[in-house]
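Visitor: Could you walk me through some labels people put on residues, and how they are earned?
Guide: Sure, take a look first.

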Amino acid sequence: MLRILVVEDDAPLRETIATVLCADGFEVDTASDGRRAIEKLQDSSFDAIVVDIRMPGLDGPGLYRELAARQPALLPRIIFTTGDVLSDWVRTFLEAVGGQQLYKPFDIEDMRRAIRSVVEKGAASERRACGAP
């Protein structure tokens, strides 16, 4: 069973995402901010990490920087979400890190595609690390 961590400060949205992903057969854990996410990432492994850009405390970019320093292998598993499409710093950050991005409000099928993409890339990366094509 694939494990997903949803990091979102908006409780109703966080729970909605978790409910939908659970119904899709994923095992889902949640965190309300980047600090809680780091705690969970130290104790468990996840196949995909859905991270809101703007959160109080440790935000999405801060979480990304922490993971880059502590657990860089997790970076390709991150899917960033944001409702802020106008801020230059958000756009600059997302362009710099690349990867999967979802703009709120997003369609749940877009999230499913993003999750499949990071999981497939992770599996391909693990196969290459083991010497498989």
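Guide: What follows is a chat about charged pairs in this predicted model.

Visitor: Why is the contact between Arg-54 and Asp-84 called a salt bridge?
Guide: The rule asks for a side-chain nitrogen of Lys or Arg within 4 Å of a carboxyl oxygen of Asp or Glu. For Arg-54 and Asp-84 the N to O distance is 2.7 Å, so the pair fits the rule. By this rule the count comes to 14 salt bridges.

Visitor: What makes Arg-54 and Asp-84 a link between separate parts?
Guide: Arg-54 sits in the loop between β3 and α3, while Asp-84 sits in the loop between β4 and α4, so the pair ties together parts that are 30 residues apart in sequence.

Visitor: How do you know whether Asp-84 is buried or exposed?
Guide: Its relative accessible area is 13%, and buried means under 20%, so Asp-84 counts as buried. Arg-54 has 42%, which lies between 20% and 50%, so Arg-54 is partly exposed.

Visitor: And why is Asp-88 called exposed?
Guide: Exposed means over 50%, and Asp-88 has 53%, so the label fits. Asp-88 also forms a salt bridge with Arg-91, with the closest N and O atoms 2.4 Å apart. These two are 3 residues apart in helix α4, about one helical turn.

Visitor: Why does Arg-91 get the label partly exposed?
Guide: Arg-91 comes in at 36%; that is between 20% and 50%, so partly exposed is the right label.

Technical notes: Residues numbered from 1 in each chain as written. Predicted model: local features only at pLDDT ≥ 70, side-chain atom pairs only at ≥ 80, totals over all residues. Heavy atoms only, no water. Helix = DSSP H or I, 4+ residues; strand = E, 2+ residues; numbered from the N terminus. Buried < 20%, exposed > 50% of the residue type's maximum accessible area, 1.4 Å probe, protein only.
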